[in-house]
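Reader: I am new to reading structures, and I would like to take a close look at a single part of this one. Could you choose a part and describe it carefully, together with its surroundings?

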Amino acid sequence: MRVLVFHGYMLRGTGSNIYNVNLVRALVRQGHEVHLLCQDREVRPEGVHVHNPEIGGLLPVYVKDPYPGFEAKAFPELSDEELGRYLDANVAAVRAVAAAAGGIDLALANHLVMGPPILARADVAPFAAKVHGSALEYTVKPHPRFRPYAEEGVRAASGVLVGSRHTAESLWAALPAVDGLRGKTRLGPPGVDIEEFRPAGGRDELVVYVGKLIVSKGVDLLIAAWPLVRSARPDARLQVAGFGGYETGLRRLLAALERGDLDDARAVARLGWALEGGERKPLPILSAFLAEPPAGYAEMAREAAGSVELIGRLEHEEVAALVPRAQALVMPSTFPEAFGMVAAEAAAAGALPISAGHSGMLEVSRQLSEALPKDVAGLTSFPVGPGAVEGIAARLNAWLSLPEEKRERARAALVETVGRLWSWDAVASGVLAAAAGELDGLPFP
């Protein structure tokens, strides 16, 4: 079968990028001819026909970050003319690829905007729409200007795939005018490459974070929690992998804590979103923690100096090498996530994932915890709100203090659960079924 996948972005770094590169590889393994439209000029998955639409150097994004070779603009910053040119260029590219290939049998459009409306206008094949969280939460919901494009796309789709029940409910609430949307929405989470993410022979006393360095990812909560972990586990280290507009703010917070300068740490919490380039908006959870920190916290923070390292952006294969060396991974996002893919990958590698207790992350945590002993199952998530900083530290300390044989049994259960629930071949088959409108065999969210 000839399958077209429209992604429109890179093939490294973020969750949707990793989703697409693994999806097309699985489709090729299944024997399909795959045409992928993206903007990555370097990554070329084996056996995949990669096409780079000419978009004039202007790349619309959901969260503004630098992209070498492009002028990146958040969708709300685009003029109507810029948005029109972007849509027209991609529609023309999809039609050209389909014509050159001799026709397309089934297709997938990624992101609520602008993948589905692009495929709807190109009219080249039945297609499924895959809703990743960022387009929905950062663009369509807060900016009604983009709702008509989202409605156009999902109306034309044969099936709509979401990573979690949370994302489904958010989608239905955002697009109430689309008749039948609930009926054609199906669960379509990402997968995990269990050959790439697998347990290693030995582990360091290491905790990791992997993701964007933006305010909504909650990395400041983990950094603030770390002195409470380090005081109980003097050999423990924290590595923060990622990039983003809040990196300077996080480095300032870390430096303030390492000096024991809680006044400057409080200043970071007050400035909040301004340190990412937005309006001055305080960080309520961090502010509340620093207003009344635990006794001796400043001294704990000074003593933890040098145990936290911001290691920059990692490619996916580098993440697969890092995570198996870790005892735990923390996913502290304060903003809704469509699926806890980083948590699932950590579990596949035998590292305990500790995630914020909401949205798609909580659904992953619940599925993972079902196979764990009771005293470990409760460590996989923490409530986001007052006490979240202490909650992260308490769960890390509880896990790190367990006897090694008990941790090893829990790791084995995590690995088994991921292998059973999330494989890329199953994801690929679900995408094709949704594109064909064969929804009866796919799970309702």
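Author: What follows looks closely at one strand and then places that strand within the chain as a whole. The model is a predicted one, and the part I have chosen is strand S2, which spans residues 33-37. Four of the five residues of S2 are buried, and therefore the strand is largely enclosed by the rest of the structure; a residue is called buried here when its relative accessible area is under 20%. The partner to look for beside S2 is strand S1, made of residues 2-6, for the two strands run parallel and are joined by five bridges. If you want one pair of residues to find on the screen, take phenylalanine 6, which stands opposite leucine 37 in S2.

Stepping back from this pair of strands, you will find 18 helices and 15 strands in the chain. Its radius of gyration is 22 Å, close to the 22 Å that the globule rule gives for 445 residues, so the chain is as compact as a globular protein of that length. Taken along the principal axes, the box filled by the C-alpha atoms is roughly 70 × 45 × 40 Å. Burial can also be followed across the chain, where buried residues make up 58% of the 445 residues. As for contacts between residues at least 6 apart in sequence, 73% of them join residues at least 24 apart. Turning finally to the outside, the chain exposes about 16,800 Å², of which carbon and sulfur atoms supply 51%.

How values were computed. Residues numbered from 1 in each chain as written. Predicted model: local features only at pLDDT ≥ 70, side-chain atom pairs only at ≥ 80, totals over all residues. Heavy atoms only, no water. Rg over C-alpha atoms; globule rule 2.2 N^0.38 Å. Buried < 20%, exposed > 50% of the residue type's maximum accessible area, 1.4 Å probe, protein only. Contact = heavy atoms within 4.5 Å. Areas by Shrake-Rupley, 256 points an atom, 1.4 Å probe, with all protein chains shown as cover. Pairing = 2+ DSSP bridges.
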